[in-house]
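Visitor: I like to poke at a model by asking where its charges, strands and rings sit. Can you walk me through this one?

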Amino acid sequence: MKYRATISLHKPEKDKAHLDLFLQVSDDLSHGLWTYEIDTRSWSLLREGKTFPCYAKPLHRSAYLDYEGSIPKNRGRIRIVWRGYYENREKRVKKKKYIVR
């Protein structure tokens, strides 16, 4: 099954900018999005379809698949830099490594 994926550039107020990878994990968007933080230096690996290091973050609201703008509580701004799909070939949802192209 194909699910939506988005990569957004997150520029926090105080910390270093990074990329956030948001993955839809179910047809039911109320389940939230698996979210991974990616160092901006890995952008070239992403564009070349290579494996890249990322760090799991807590589930995010499904709105982040489409959201751009200010993040509440002075957490900076976010801008979508890539939209696409990934395929989950498992019969059940598992949080593990995925390669997104």
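**Charges, strands and rings**

Visitor: What is the relative accessible area of Glu-37?
Guide: Glu-37 counts as partly exposed, the class between buried (under 20% relative accessible area) and exposed (over 50%), with a 1.4 Å probe and protein chains only. For Glu-37 the value is 29%.

Visitor: What pLDDT do side-chain atom pairs need to count?
Guide: Residues are numbered from 1 along each chain as its sequence is written, and side-chain values use heavy atoms, with hydrogens and water left out. This is a predicted model, where totals for chains, interfaces and linings use all residues, local features need pLDDT of at least 70, and side-chain atom pairs need pLDDT 80 or more.

Visitor: How many residues apart in sequence are the parts that Glu-37 and Lys-57 tie together?
Guide: Side chains of opposite charge can pair when their charged atoms come close. Glu-37 and Lys-57 do so in a salt bridge at 3.8 Å, N to O (the rule: a side-chain nitrogen of Lys or Arg within 4 Å of a carboxyl oxygen of Asp or Glu). Glu-37 is in strand 3 and Lys-57 in strand 4, strands being DSSP runs of E with at least two residues, numbered from the N terminus. So the pair joins parts whose separation in sequence is 20 residues.

Visitor: And how many residues apart in sequence are the parts tied together by Asp-20 and Lys-57?
Guide: Asp-20 also makes a salt bridge with Lys-57, with 3.0 Å between the closest N and O atoms. Asp-20 belongs to strand 2 and Lys-57 to strand 4, so the two parts they tie together are apart in sequence by 37 residues.

Visitor: Which side chains have polar contacts with the side chain of Asp-20?
Guide: Asp-20 is buried, at a relative accessible area of 2%. A polar contact here is a pair of N or O atoms within 3.5 Å; within protein, one must be able to donate a hydrogen and the other to accept it, and residues adjacent in sequence count only through side-chain atoms on both sides. At 3.3 Å the partner is His-10, and at 3.2 Å the partner is His-18.

Visitor: Which residues are linked with Asp-39 in a network of salt bridges?
Guide: The count for the model is 6 salt bridges. In one of them Asp-39 meets Arg-41, the closest N and O atoms being 2.8 Å apart. Asp-39 is partly exposed at 25%, whereas Arg-41 is exposed at 66%. The network linked with Asp-39 takes in Lys-16 and Arg-41.

Visitor: Which strands are the edge strands of the sheet?
Guide: The open sheet has 6 strands in the order 4-3-2-1-6-5, with antiparallel pairing; two strands pair if DSSP finds at least two bridges between them. The edge strands, each pairing on one side only, are strand 4 and strand 5.

Visitor: What residue stands opposite Leu-33?
Guide: Strand 3 covers residues 33–38 and pairs with strand 4 in the antiparallel sense over 4 bridges. Across from Leu-33, in strand 4, stands His-60.

Visitor: Which strand supplies the largest share of the largest nonpolar core?
Guide: A nonpolar core is a set of buried Ala, Val, Leu, Ile, Met, Phe, Trp, Tyr and Cys residues joined through side-chain atoms within 4.5 Å. The largest one has 14 residues, and those touching the most other members include Leu-19, Ile-38 and Tyr-86. Strands 1, 2 and 3 each supply at least two of its residues. The largest share, 4 residues, comes from strand 1.

Visitor: How many residues apart in sequence are the parts that Tyr-3 and Tyr-86 tie together?
Guide: There are 3 aromatic pairs, that is, Phe, Tyr or Trp rings (for Trp, the six-membered ring) with centres within 6.5 Å; planes under 30 degrees apart are stacked, over 60 edge-to-face, the rest tilted. Tyr-3 and Tyr-86 are 6.2 Å apart at the centres with planes at 40 degrees, so the pair is tilted. Tyr-3 is in strand 1 and Tyr-86 in strand 6, so the parts are apart in sequence by 83 residues.

Visitor: What is the angle between the planes of Phe-22 and Tyr-64?
Guide: Phe-22 and Tyr-64 form a stacked pair, 5.4 Å centre to centre. The angle between their planes is 20 degrees.

Visitor: Which residue joins Phe-22 and Tyr-64 in one aromatic cluster?
Guide: Phe-22 is buried at 1%, and Tyr-64 is buried at 8%. The cluster is completed by Tyr-67.
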